[in-house]
Amino acid sequence: MSIRLFRFLFIFAASLVGASSIAADRPVMQLASLEWSPYVGSHLPDEGLTAVIVKAAALQAGMDTHISYTPWSRAVQLGLNDPSYAGYFPAFYLKEREKTCYFSAPLGNSIIGLAALKERHFDWKNYTDLKGLTIGVVQDYANGEEFDAQVKKEQLKLDVAPSDISNLRKLMAGRVDLVIISKDVLRQLLITEPSLKSSQESIIFHPREVINFSLHICFQRNERGLKYQQLINPYLEKLNLRKIENLYFQQMQNAQP
């Protein structure tokens with residue numbers, strides 16, 4: 001699977017660049033990151049969906065990409081302060097972060113929403129529609145200002161779990177009514193997690209978004225970081241992010257036994 005995906009990545013990227021950009025000795029852009037499936041991870045095919053996008057754009061800009069994996073707080077520290085790094089990713093766009101880094105063009109989105117059992121015919125338009133329902137959340141995850149404000153006001157009934165997998169198992173067992181989760185994380189888990197494979201047709205992701213975070217590289221806020229931003233942004237803007245995403249998940253599905 002990894003080889004097939006890399007072949008797609010190389011052909012897709014090389015089709016948009018000249019021969020001089022795909023020479024053997026390319027400079028390396030080093031980035032810090034965390035293990036966050038399906039976006040980025042050392043154990044994922046081609047290091048994850050968002051890593052595929054970064055590597056494709058970097059290749060078009062004449063660079064290879066090396067990703068170092070650490071806990072998130074450490075990745076941020078390295079990406080912003082260590083001169084051997086260009087930056088860190090995938091970072092949500094937050095206005096206050098503009099003071100500390102240069103944002104790349106979007107690498108895609110992390111859409112946060114509510115998952116439910118299909119048989120319940122769940123629908124919602126505002127937060128009052130969620131009163132009386134138990135929502136599975138992951139410990140210490142931020143789910144957008146509006147949702148988190150409702151939590152602080154004790155307007156929502158929560159059930160806290162250590163992971164998205166645990167929440168989805170509770171959903172299937174009827175121990176929670178809803179789960180708040182990333183759309184891409186749900187899609188990946190329903191494909192790859194053995195305990196959830198039988199649930200692929202049973203769990204739906206509601207089209208009303210809780211929040212939609214755009215994902216970016218956060219380059220160091222210095223002359224070198226600005227140069228990286230200016231090098232890679234034109235190529236990120238050319239990539240068909242939806243096409244790459246669909247192909248990534250399609251190959252993930254095809255690789256399952």
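Between which two strands is the loop in which His121 is found? The tour below reaches that residue at its last stop. The structure is a predicted model, and the whole chain is the place to begin.

**Whole chain**

Display the protein chain as a cartoon. Its secondary structure amounts to 8 helices and 10 strands. Change to a C-alpha trace and turn the view along the principal axes: the trace spans about 60 × 45 × 30 Å. The radius of gyration is 19 Å, which agrees with the value near 18 Å that a compact globule of 257 residues would have.

Next, show the contacts within the chain. Of those with a separation of 6 or more, 75% are accounted for by residues 24 or more positions apart.

**Surface and charge**

Switch to a surface representation. The accessible surface of the protein chain is about 12800 Å², and carbon and sulfur atoms contribute 50% of that area. Colouring by burial marks 51% of the 257 residues as buried. Colouring by charge brings up 28 positive and 26 negative charges, whose mean positions lie 2 Å apart.

**From β1 to α2**

Return to the cartoon and select the loop between β1 (28-33) and α2 (49-60), where Pro38 is found. The peptide bond that leads from Ser37 into Pro38 is cis, and its omega is near 0°. Most peptide bonds are trans.

Stay in the loop between β1 and α2 and select Asp46, which lies there as well. Asp46 is not a glycine, yet its phi is positive, near 55°. Is Asp46 buried or exposed? Its relative accessible area is 8%, under the 20% cut-off, so Asp46 counts as buried.

**Strand β3**

Move on to Pro90, which belongs to strand β3 (residues 87-92). Phe89 and Pro90 are joined by a cis peptide bond with an omega of about -5°. Here the cis bond leads into a proline within a strand, whereas Pro38 is in a loop.

**From β5 to β6**

Finally, select His121, in the loop that runs between β5 (108-117) and β6 (134-138); these are the two strands asked about at the start. His121 has a positive phi of about 55°, although it is not a glycine. Most residues other than glycine have a negative phi. With a relative accessible area of 69%, over the 50% cut-off, His121 is therefore classed as exposed. Set the two positive-phi residues side by side in the viewer: Asp46 is buried, whereas His121 is exposed.

Technical notes:
Residues are numbered from 1 along each chain as its sequence is written. This is a predicted model: local features need pLDDT of at least 70, side-chain atom pairs count only at pLDDT 80 or more; totals for chains, interfaces and linings use all residues. Side-chain values use heavy atoms; hydrogens and water are left out. Helices (H or I, at least four residues) and strands (E, at least two) are DSSP runs, numbered from the N terminus. The radius of gyration is taken over C-alpha atoms; the globule rule is 2.2 Å times the number of residues to the power 0.38. Buried means under 20% relative accessible area, exposed over 50%, partly exposed in between (1.4 Å probe, protein chains only). Contact means heavy atoms within 4.5 Å. Accessible areas come from the Shrake-Rupley method with a 1.4 Å probe; for residues, only the protein chains shown count as cover. Lys and Arg count as positive and Asp and Glu as negative; His and the chain ends are not counted. The place of a charge is taken as NZ of Lys, CZ of Arg, CG of Asp or CD of Glu.
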